[in-house]
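Please open the model in the viewer and keep the sequence panel alongside. The tour below proceeds by selection, one stop at a time.

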Amino acid sequence: MEWFVGLGVAGLVLLLLSLVFDGILEGVFDGVLDGLFDGLLSLPVIAGFVSMLGFGGAIVLGTTDIGVTGATATGVLAGAGAGWLTWKLSRLLMRDQTDATPRGGDLIGTSGSVVTAIPADGYGEVLVHLAGQPLKLAAKCPVPVARGAEIWVESALSATSVAVRPVER
């Protein structure tokens, strides 16, 4: 039983190491086994297999009279299942796509309001919403625009400033 518990603990230690040294085995086998195992030799998958082999075998050995061979077989099956689930979950997480990062050009055509009055050919501040988030920017306009007025973004001057025009009512 001590061997099984030792394998389970070793698997947990390997899992902790995989959090720190993610991708080590992929780097070791880079170029040699490309595409052959498709992530099955990753540290989290191996850690899941070893942990469930150890703890599953220890549970079966301690609660039944199957013996070491039956406990080992059960542990291997449990380990294979845990390794497969870990592999599927890691593949799913690696494919998770995020939205594209908003750029200055995405501001063009958005409306907002003036926070700090904009003098003619000078700078003030406007509040616009980009990707659902409020964004306060420096704004320049050829005509004066009062605080609270609604504006339309004409172009992005830099990462933090825009050219605007007042919305005609």
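Is Glu154 buried, partly exposed or exposed? Select Glu154 in this predicted model: with a relative accessibility of 38%, Glu154 counts as partly exposed.

**The partner of Glu154**

Next, add Arg165 to the selection. The side chains of Arg165 and Glu154 form a salt bridge, with an N to O distance of 2.6 Å. This pair links distant parts of the chain, since Arg165 belongs to strand S5 and Glu154 to strand S4, 11 residues apart. Arg165, at 36% relative accessibility, is likewise classed as partly exposed.

**A second salt bridge**

A search of the whole structure returns 2 salt bridges. To view the other, select Glu125 and Lys136, whose side chains meet at 3.6 Å, N to O. Glu125 sits in strand S2 and Lys136 in strand S3, so the pair ties together parts that lie 11 residues apart in sequence. Glu125 is partly exposed, its relative accessible area being 29%.

**Strand pairing around S4**

Now display strand S4 (residues 150-156) together with strand S5 (residues 161-166). The two run antiparallel and are joined by 5 bridges; they form a hairpin with 4 residues between them. To inspect one pairing, select Ser155 and its bridge partner in S5, Ala163.

Then add strand S1 (residues 111-116), which runs antiparallel to S4 and is joined to it by 3 bridges. Here, select Ser113 and find its bridge partner in S4, Glu150.

**The nonpolar core**

Which residues have the most contacts inside the largest nonpolar core? Select Ile118, Val126, Ile151, Val162 and Val164, which hold that place in a core of 14 residues. Strands S2 (122-130), S3 (133-141), S4 and S5 each contribute at least two residues to this core.

Centre the view on Val164 and show its surroundings. Leaving aside residues up to four places away in sequence, Val164 touches Ile118, Ala139, Lys140, Cys141, Pro142, Ile151, Trp152, Val153 and Glu154. The list thus returns the viewer to Glu154, the residue with which the tour began.

**The surface patch**

Finally, move to the other end of the numbering and select Met1, Val5, Val9, Val13, Leu16, Leu17, Leu19, Val20 and Phe21. These residues make a nonpolar surface patch of about 840 Å². Of this group, Val9 lies in helix H1 (residues 2-20) and is partly exposed, with a relative accessible area of 42%.

Definitions and conventions:
Residues numbered from 1 in each chain as written. Predicted model: local features only at pLDDT ≥ 70, side-chain atom pairs only at ≥ 80, totals over all residues. Heavy atoms only, no water. Patch = residues over 30% accessible without salt bridge, like charges linked within 9 Å, V, L, I, M, F, W, Y side chains within 5 Å. Areas by Shrake-Rupley, 256 points an atom, 1.4 Å probe, with all protein chains shown as cover. Salt bridge = Lys/Arg side-chain N within 4 Å of Asp/Glu carboxyl O. Buried < 20%, exposed > 50% of the residue type's maximum accessible area, 1.4 Å probe, protein only. Pairing = 2+ DSSP bridges. Core = buried A, V, L, I, M, F, W, Y, C linked by side-chain atoms within 4.5 Å. Contact = heavy atoms within 4.5 Å.
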